[in-house]
Amino acid sequence: MDRQSSFWPLCKELKSGRFVDLTHSFTPDIPHFEKSTPMQVKEVRNYQNDGFLVQQFQFEGQWGTHVDAPSHFCEGNRTVDQITLEEMILPLVVIDIHEQVAHNPDYIVVINDILSWEDQYGRIPMGAFVALRTDWSKRWPDDAAMHNRDHSGIPHTPGWGMDALTYLYEDCQITASGHETIDPDAGFRAKETHWMCERYILSNNHYQIELLTNLDQCPPAGAIVICSFPKPKGASGFPARVFAVCPRVKSY
């Protein structure tokens, strides 16, 4: 076979890009959903006694930077192992609202935020992964700062608005979305709306990635995102390794 006609040149082209890790390292004490059971790590083999190291990890599927499969909220919808490979490598669109969030932690993305992006960068490509940059990940790993609760215990974190999501998923026909916060819904209204935005995404058989980081290192348009995770059968979520391949020269 002619090597020059194989996929190897494509690999070389990808590796000429700038790689950005969009994933937090996870430990037992990282920020997490308030009702989650804490992670545990146990050493079951060690170098001294066995000559090699083996650890046992116990954690909920929705731990650290993770994928939420549609079945997380909707019985009968797809599980982690049913997310196709074609859905795991996508054009990356970054919607940047970090300046609005700096002035208002309760900021909710509206359709005009999406239209403003399109005015500058063109139509959001069909099948894209749309990530919401809020710079909330800069609060990591401070649990109190990530939840940002007031004296009544109500969290104040930014999130998606339904008009923005319906435009993205129904008009633009994106594949998936992600965010830096613990939930896609704005914290102050998540419970009272029963996680309306999250339920919308998952009920329509799309997946999402939660607790992304380093979106400030990615361009608004022009990068590729790769969302990788193990394949546990029947799982509603699992820790993910997500990274972007960006143009080598910054243009933003």
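At what angle do the axes of helix 4 and helix 6 cross? Load the predicted model and select residues 111-121 for helix 4 and residues 162-171 for helix 6. Their axes cross at roughly 45 degrees and come within 7 Å. The two helices are therefore oblique to each other.

Now show side chains at this crossing. From helix 4, pick Ile111, Ile114, Leu115 and Glu118. They meet Asp163, Ala164, Tyr167 and Leu168 of helix 6. By class, the residues of this contact are 6 nonpolar, 2 charged and no polar.

Next stop: asparagine 46. Find this residue in the loop that links strand 2 (40-45) and helix 2 (47-50). Is asparagine 46 buried or exposed? Asparagine 46 counts as buried, because its relative accessibility is 16%, under the 20% cut-off. Select asparagine 49 as well. Its backbone nitrogen lies 2.7 Å from a polar atom of the asparagine 46 side chain. Then add Gly51, Phe52 and Leu53, which asparagine 46 contacts beyond its neighbours within four places in sequence.

Last, the cysteines. How many disulfides does a search of the whole structure find? The count is 0. Go to cysteine 11, which is partly exposed at 38% relative accessible area. The closest cysteine sulfur to its own belongs to cysteine 246, 17 Å away, so the pair is too far apart for a bond. Move on to cysteine 172. Here the relative accessibility is 2%, so cysteine 172 counts as buried. Its sulfur is 16 Å from the closest cysteine sulfur, that of cysteine 197, again too far for a bond.

Technical notes
Residues numbered from 1 in each chain as written. Predicted model: local features only at pLDDT ≥ 70, side-chain atom pairs only at ≥ 80, totals over all residues. Heavy atoms only, no water. Axes fitted to C-alpha atoms, helices over the stretch in contact; angles between N-to-C directions. Helix = DSSP H or I, 4+ residues; strand = E, 2+ residues; numbered from the N terminus. Parallel < 35°, antiparallel > 145°, perpendicular 65-115°, else oblique. Contact = heavy atoms within 4.5 Å. Nonpolar A, V, L, I, M, F, W, Y, C, P; charged D, E, K, R; others polar. Buried < 20%, exposed > 50% of the residue type's maximum accessible area, 1.4 Å probe, protein only. Polar contact = N/O pair within 3.5 Å; in protein donor to acceptor, adjacent residues only side chain to side chain. Disulfide = S-S within 2.5 Å.
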